[in-house]
Every structure is written in structure tokens, then in C-alpha cells.
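Work through the exercises below with the model open. Try each task before reading its solution.

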Amino acid sequence: MNDLMAPVSPSIDRPPEAVAAEASVPDDSPEPLERLEARLCELAGHLTAATCQFLLLVADFDKREGWGDWEMPSCAAWLSWKCQIAPGTAREQVRVARSVVEYPLIRREFAAGRLSYAKVRALTRIVTPETETDLVEMATPMTAGQLERFAQAHRRVSEADHERPRPARKLTWSPAGDLDYKLGAVLPAEAAAVVFQALRAARHDLEHPHDDHDHSDVPAESRQGLLSRRDTESGTSFTGPVPPPAEMEPAENLADALVQICADYLCAKASTAENPDTYQVLIHAGVRAVTGAEPAGSGQADAEPAPGAVQPTVPKQARVSAETLPFWHPAHPDRCHLDDGPAISPATLALIGCNATISTMIHDLSGAVIDVGRRTRKIPPALRRALRERDRGRCQYPGCDSRRTDAHHIRHWANGGHTNLANLISVCGRHHRLVHDKNHIITAAGTGFAFYTREGSPIPSCPQLPHGPGDVTTAHHARITATTINPPNSGEHLNLSLAIWIAFANARTQAARREAAETAVG
């Protein structure tokens with residue numbers, strides 16, 4: 001009985017062809033997690049060693065100013081254009097590349113795959129030739145996140161040791177919901193006092209727009225009496241035994257005052273500027289968003305004709321309505337948004353439109369701006385708005401995304417070029433000079449422009465990256481295993497205060513030893 005219940009070997013009583021066919025079927029079972037984890041760690045080590053080689057090449061390219069041959073302002077700009085790296089990432093990589101060359105121990109550990117790029121990036125912010133050895137030893141067992149915290153704390157302590165710390169100045173903003181933004185500022189005390197005084201003065205102007213708060217034409221006695229009466233009404237006493245309470249400004253009032261200060265500045269500049277658009281907040285709005293009415297010929301094709309009227313025959317496929325266009329389309333009648341910004345409500349648009357300058361700009365069904373048709377050398381404001389709309393307010397030169405742009409005549413006006421939309425292009429100041437100095441050729445290409453050198457060689461807007469060997473393990477000479485990127489004791493709890501104390505204690509000890517050695521030699 002037991003023999004009958006035993007499993008039968010697959011090779012018994014089966015033709016060899018069937019056994020071979022079954023063996024050739026690929027195994028769809030998942031890879032064991034242990035093996036998958038080891039492969040991930042090993043590949044991370046290879047990527048680290050290859051990144052080191054990449055940054056060493058970047059440092060050499062930057063030192064020899066190879067980016068200058070491409071008329072780029074910096075090595076970071078060349079990396080962003082030629083290697084398709086984000087501008088901020090490119091600047092950080094150039095900084096790290098320059099530091100890696102200067103510190104041999106960091107370079108050696110980085111090239112061996114034992115210090116990741118994240119760790120090297122943090123170390124290069126705080127390392128000095130005297131502290132390199134100690135910092136690398138301390139950084140090895142830390143995780144990348146722990147080392148980032150350590151580097152931030154190290155910088156704070158270093159700045160605190162200076163006699164006069166660098167004044168904090170920072171302005172940040174971030175979205176707060178779909179339609180709002182949150183602003184934050186860090187300023188020195190004296191600069192903050194100026195801002196607060198301006199906000200309070202602007203708040204007073206908003207609450208009493210017709211009040212002559214300077215009282216320049218009122219005698220001193222009357223002005224003193226006016227201020228005393230206001231103090232009495234508000235319960236404020238500067239001579240009593242108890243100091244007056246601190247005046248707390250409502251947040252809404254100060255926010256309105258901040259907007260008013262900025263608006264007054266822009267209005268004053270726009271009234272005298274040659275190009276007022278630089279100091280104006282632009283809003284793009286369709287016909288229906290502004291007037292609430294249907295645009296001509298867009299949505300009433302199915303209405304009943306008047307009695308006796310002749311209704312033209314229009315094929316259904318030729319009819320175009322607002323609903324057939326995407327909402328972001330320039331010709332959409334419901335379009336309503338800030339220039340290069342989020343949408344705004346029709347109510348907000350109506351409020352702003354009461355005191356705003358309204359300019360008409362007509363788009364065709366493809367979204368292109370219809371030519372303004374001006375032929376003057378000086379570009380009028382309406383044409384500048386059309387140019388900004390078409391070029392999205394950005395420099396059109398390959399690899400550049402600057403917002404500070406000039407209007408360039410593709411065919412110079414001295415050579416018969418007209419000042420119209422078809423003959424204008426937005427370029428930043430640097431590339432504007434470059435186009436004139438190098439006699440670059442610009443031609444229309446589909447929905448954009450194509451740039452060529454004087455000899456006719458194209459300047460690609462986004463160069464294709466060359467095909468490499470496809471195996472990152474061949475990009476370096478380090479011996480990488482699954483444990484290379486993970487040093488012993490990595491990831492243990494970090495006592496940040498103790499680590500900072502040890503780092504600065506070691507630095508003081510080494511400084512004392514160098515001083516003693518120099519004294520002994522002297």
C-alpha cells in the first residue's frame with residue numbers, strides 16, 4: 001500500500017521530449033526576497049561608484065571650462081542642457097564635484113562605493129582639510145538621514161562660534177490649498193521693524209483713505225490734542241503706573257496692508273516704465289469669463305432661426321463650440337487664470353476688472369495669437385503682451401528657461417524686418433547678446449523656433465543622450481558586493497548632541513596639537 005502511495009518520479013514512463021519541453025518553460029516563481037535585497041544593495045554600490053566617476057569627470061570638465069565652448073554661462077547650465085539634469089540638481093552636483101577633488105579620503109570612500117552620494121553631499125558642506133579624517137570616520141556608520149541631521153547641526157554650531165553671525169534673510173512661499181498661497185519671512189530685527197512700520201502705516205491708509213494722517217497743516221498744539229484724544233478713547237496711557245498693552249494687529253488687516261504696499265509700488269513703477277508689463281499682474285480671461293455672454297459664433301448654432309430668416313447650411317463637423325476646446329486652451333471663452341499661475345474665480349475677475357486695464361488678444365483655433373500687425377521699431381505694450389503669451393514669458397534659446405526676457409527681432413529692423421509678432425522672439429539678455437554677437441540664425445519650426453549657428457549647424461533644444469554600454473558595473477573599477485554600501489552598525493540610534501560634541505572636541509584637540517608642533521619647531 002505504501003508503495004502505491006509513493007510519489008512517482010517524473011522521468012518514469014514519460015517520453016524524453018515531454019521532459020525536455022517542461023524544462024524549457026520559464027520559471028514564473030518570484031525571486032527570493034533575500035536574493036532581491038542583495039541585488040538591490042549591490043546595484044546601489046555600483047551606482048555610488050559610477051556617480052563618483054561621473055562627478056570627477058564633471059570637476060575636470062568644469063576646471064577646463066568645456067562648457068564655454070557651448071556659450072553656456074556655467075558648468076551647471078551645461079549639465080542641465082546637455083545631460084538633462086534639473087538646474088538645482090546640476091548646481092549641487094557641480095559643488096560636490098569641486099569638493100570631492102579637494103578631499104582625497106572622501107573621494108576614495110566614494111569611489112569604492114562605501115560612501116553614498118547623499119552622504120558625500122552632506123559631508124562636503126562641513127568638511128575641512130583638518131577634520132576630513134574624523135568626519136569620514138563618524139559618517140561611515142550613520143545613515144544618510146542621520147548624517148544630514150548631523151551636518152545641519154554642525155553648521156549651526158559653526159555659525160554660532162563666529163563673533164557676528166550672518167543675518168537671517170529668507171522669504172518663502174508655498175501653496176495653501178487650490179487658490180491660496182502662504183508666505184513666510186525670516187528677517188533681522190532692524191529689517192523686520194521697517195516692514196512692520198510700513199504694514200501699520202498702510203493699514204491706517206486702508207482704514208482711513210481720506211484722513212490726512214500726517215496733519216502737516218495742523219498746529220503742533222492741535223495735533224497734540226488730537227493724539228491725546230485718540231489715546232483717551234482707546235484707553236491708552238503712557239504716564240500711568242502700568243505700561244499700555246501691546247497693540248496686536250489683526251492678521252487680515254496686515255495681510256491687506258502687505259498687498260497694498262506691493263500694489264502701490266507696482267503702480268508707481270508702471271506709470272513711468274517704458275515697458276509697463278514688467279510691473280503689471282497679468283490675468284488671462286476668455287470672453288465669457290469677462291462678460292458672461294457667449295462669444296460670437298461659438299455656442300448658439302443650434303438656436304431656433306427667426307421667422308423668414310435664411311439659415312446657412314454648416315456641416316456638423318465644421319461647427320466649433322467652447323465645449324470642443326480643452327479648458328486650458330487660449331481660445332476657450334471660460335479661460336480665467338493668472339499669468340503662469342493658478343485659476344481665479346469669475347467673481348474675483350469681475351472685482352479686479354473694475355479698475356484694471358483690459359487688452360484684447362485674439363487666438364485662432366490652434367491657440368496661436370493673431371498678428372497685432374504693428375510695424376514700428378518700438379514694440380508697443382499690446383504686442384509685448386502677445387509675445388509674452390505666445391512664448392509663455394520664457395527665453396526661447398535652447399536650454400534656457402529664464403523669465404527675464406527681451407524682445408528680439410528675428411530679422412533686424414535695419415534689414416527690413418517688421419515689428420510684428422511673426423518677427424519677434426523672447427530671449428534673455430545673455431542669449432540676446434549671444435545671438436547678435438555670433439550671428440545665430442533663427443527660423444520658425446512648427447509651434448516653436450529652431451536655432452542654428454552661423455555655419456548652419458543646428459543647436460538642439462534637448463540633446464539626445466548617447467547610448468552607453470548599458471551596464472553600470474563597467475563604469476568604474478571598484479569591487480562591489482551586497483554589503484559594500486551597508487557598513488557595520490549602520491542605522492543605530494544617533495545621539496546628535498554627543499556626536500556634535502565629539503566632532504568639535506576632536507577639532508580642538510587637533511588644532512592644539514598643530515599649534516604645539518609649530519611652537520616646538522619655532
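The exercises cover a hairpin, a surface patch and a helix in this predicted model.

**Exercise 1. Describe the pairing of strands β1 and β2.**

Solution.
- Locate the strands: β1 spans residues 170–175 and β2 spans residues 181–186.
- Determine the direction: the two strands run antiparallel, joined by six bridges.
- Pick out a facing pair: L171 is opposite A185 of β2.
- Inspect the connection: five residues lie between the strands of this hairpin, and G177 has a positive phi near 100°.

**Exercise 2. Classify Y181 as buried, partly exposed or exposed.**

Solution.
- Place the residue: Y181 is part of strand β2.
- Recall the limits: buried is under 20% relative accessible area, and exposed is over 50%.
- Apply them: Y181 has 49% relative accessibility, so this residue is partly exposed.

**Exercise 3. Which residues make the nonpolar surface patch?**

Solution.
- Check the cover on β1: none of its six residues is buried.
- List the members: L171, W173, Y181, L183 and L258 make a patch of about 590 Å².
- Assign the strands: at least two patch residues come from β1, and at least two from β2.
- Add the general rule: side chains in a regular strand alternate between the two faces of the sheet.

**Exercise 4. Find the buried residues of helix α4 and what covers them.**

Solution.
- Scan residues 75–82: C75, A76, W78, L79 and W81 are buried.
- Identify the cover: it includes α3 (33–63), α5 (87–102) and β9 (458–459).
- Look past the helix: Q84 follows α4 and has a positive phi, near 55°.

Methods: Residues numbered from 1 in each chain as written. Predicted model: local features only at pLDDT ≥ 70, side-chain atom pairs only at ≥ 80, totals over all residues. Heavy atoms only, no water. Buried < 20%, exposed > 50% of the residue type's maximum accessible area, 1.4 Å probe, protein only. Helix = DSSP H or I, 4+ residues; strand = E, 2+ residues; numbered from the N terminus. Pairing = 2+ DSSP bridges. Contact = heavy atoms within 4.5 Å. Patch = residues over 30% accessible without salt bridge, like charges linked within 9 Å, V, L, I, M, F, W, Y side chains within 5 Å. Areas by Shrake-Rupley, 256 points an atom, 1.4 Å probe, with all protein chains shown as cover. Salt bridge = Lys/Arg side-chain N within 4 Å of Asp/Glu carboxyl O.
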